[in-house]
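Dear colleague,

Please find below the structure I agreed to pass on for your modelling work. A summary of what was found in it follows.

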Amino acid sequence: MLILQLTDFHVTRAHTLLAGVDTRAAFSHLMHHVAQLEPQPDLILVSGDVAETGAEEEYAWASAGLRALGIPFLVLPGNHDLRAPLRRAFRDETGEEASHLAFSRSVAGVRVIGLDTLVEGQAHGALSNVQLAWLERELETAGTEPVVIAMHHPPFRTGIPAMDKIGLVSGGEALAQLLNGRETVAGILCGHVHRAIFGMFVGIPTRIAPSASHQFALDFEHVGKFTIVQEPPQLALHQISPEDGRMTSYLVSV
């Protein structure tokens, strides 16, 4: 099963730049590139920050581009998103719970679970007890099916102080307890950081995908400083074997 992970579009309103970056143009270029991928993925997973301000027109632009591809896709919110307009734009592609947009879908023999780490109005992320209880039930329902978990905020410290300050500030320890020893979880897929980072979380391979729009400098020293760097946008591909549950990841420049 092949998952194409896209993250951090930050689509703006029309005729608006984001710190000098035309994120709409970057998104259009990305959609053109994805349409030419061979083989085509079984699923596109969008791991948050679809929009820059959460405006309806931003989601409408992203929705039109994704739907034109004709590839099944699922969408999670990031810290720049707003749940209500995102749910309206992606009603069939995101979660349906009253308090969060987490989802659980079986695709090509793999259970894809998306967690909603959004704290509206804040840059950091959190997982509530309600959502963690929901996750536990979904993991039990999955049985022996290989599981991939997606979330916008990474569950571990990245070593980049500016990002760790606005990381997953609540629910991480409970998530670790819940996932520890679950051999069916093939991997965890995240966004938020605007850089490719590979790590482990309670023994589970964890991948942070780079932005499909713009990257931040790899800065190990400064807190609260984000510098956009001129690096090619990238996308992440994840191959998951339904037979043994192993995940292999690839980075592809756009």
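**Helix 2 and its surroundings**

Among the elements that cover the buried residues of helix 2 are helix 1 (23-35), strand 2 (43-47), strand 3 and helix 3. Please note that the model is a predicted one.

The buried residues of helix 2 are E58, Y59, A62, S63, G65, L66 and L69. They lie on the same side of helix 2, because the arc they cover around the axis is only 165 degrees. This fits the general pattern: an α-helix has 3.6 residues a turn, so residues three or four places apart point the same way. Helix 2 comprises the 14 residues 56-69, for which a span of 20 Å is expected at 1.5 Å a residue; the end C-alpha atoms are 21 Å apart, which agrees. After helix 2 comes G70, with a positive phi near 75 degrees.

**Nonpolar cores**

The largest nonpolar core has 30 residues, of which L115, L175 and L179 touch the most other members. Elements that each supply at least two residues of this core include strand 5 (110-115), helix 6 (172-179) and strand 9 (185-190). Helix 4 provides the largest share, 5 residues. Leaving aside residues up to four places away in sequence, L179 touches L139, I149, V185, I188, F201, V202 and I204. A second, separate core holds 28 residues, including M31, V46, F73 and V75.

**A buried asparagine**

N79 sits in the loop between strand 3 (73-76) and helix 3 (83-89). With a relative accessible area of 12%, N79 falls under the 20% cut-off and is therefore buried. Its side chain makes a polar contact of 3.0 Å with that of H152.

Yours sincerely

Terms used: Residues numbered from 1 in each chain as written. Predicted model: local features only at pLDDT ≥ 70, side-chain atom pairs only at ≥ 80, totals over all residues. Heavy atoms only, no water. Core = buried A, V, L, I, M, F, W, Y, C linked by side-chain atoms within 4.5 Å. Buried < 20%, exposed > 50% of the residue type's maximum accessible area, 1.4 Å probe, protein only. Helix = DSSP H or I, 4+ residues; strand = E, 2+ residues; numbered from the N terminus. Contact = heavy atoms within 4.5 Å. Polar contact = N/O pair within 3.5 Å; in protein donor to acceptor, adjacent residues only side chain to side chain. Expected span 1.5 Å × (residues − 1). Arc of directions from axis to C-beta.
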